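Here's a quick briefing for anyone meeting this structure for the first time. Have a look at the sequence and the model, then read on.

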Amino acid sequence: LSLTAPRSAPAPRMQGSDATTFDATTYMKTLPGVTAPLGYFDPAGFMAADGVTEGKARFYREVEIKHARLAMLAAVGFPLAEQFHPLFNSDDAPSYLAFQQTPLQTFWPAVIMAISVLETFSVFTFENPAGGEPWAISKDHAAGDLGFDPLGLKPDNAAELAELQTKELNNGRLAMIGIAGMVVQELVSSSKLF
């Protein structure tokens, strides 16, 4: 699903003696995902760090979207794998151990190769690190845009798109917390959850 962020005005700059300094927290507050009662969600304080540039702020948003999408898949797949696992010979093992028990010796190299091919395309969203800033996303890339919307679910209206993006981020944030909790609970109890 391609949830492309609407193109917006230039990123905010701090007022004062140095008007060219990028204000990351103000910039992130203008993006989808800011909801009450938490408002702007940055529990680790990445955007509050000194020297965060616009490219780095775009990188953080891209990383958050990618992790949110993977966590939503994992939050469904983790309990499902305990009930139905055609690829794993798990002998009713908890999900956190099931992936190690596959009888297919070529399964994991094939998975790594498929992930590598997909991740190669994300390299083209970065700024050139030679002479520039490493880990910075280019300004013309819309966060989370994969260019893939076969069902045509992406709204044309910018307000509807921002609302859908906020829902995606909030569900993804909850999924990240949820999958972490499921894994920790299985590690502590050494038994299946479902």
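What follows is a short tour, from the whole chain down to one helix and one residue.

This is a predicted model, where local features need pLDDT of at least 70, side-chain atom pairs count only at pLDDT 80 or more, and totals for chains, interfaces and linings use all residues. Residues are numbered from 1 along each chain as its sequence is written, and side-chain values use heavy atoms, with hydrogens and water left out.

**The whole chain**
- The protein chain has 5 helices and 0 strands, where helices (H or I, at least four residues) and strands (E, at least two) are DSSP runs numbered from the N terminus.
- Going along the sequence, the pattern reads α-α-α-α-α.
- Of the 194 residues, 32% are buried (under 20% relative accessible area, with exposed over 50% and partly exposed in between, using a 1.4 Å probe and protein chains only).
- Take the contacts (heavy atoms within 4.5 Å) between residues at least 6 apart in sequence: 63% of them join residues at least 24 apart.

**Helix α2**
- Helix α2 covers residues 54-83, and its 30 residues should span 44 Å (1.5 Å times one less than the number of residues).
- The end C-alpha atoms of α2 are 45 Å apart, which agrees with that expected span.
- At G77, α2 bends by about 25 degrees, and the proline P79 follows within four residues; the bend is the angle between axes fitted to the seven residues ending there and the seven starting there.

**Residue A93**
- You'll find A93 in the loop between α2 and α3 (95-98).
- A93 counts as buried because its relative accessibility is 11%.
- A93 and A81 sit 12 residues apart along the chain, with 9.8 Å between their C-alpha atoms.
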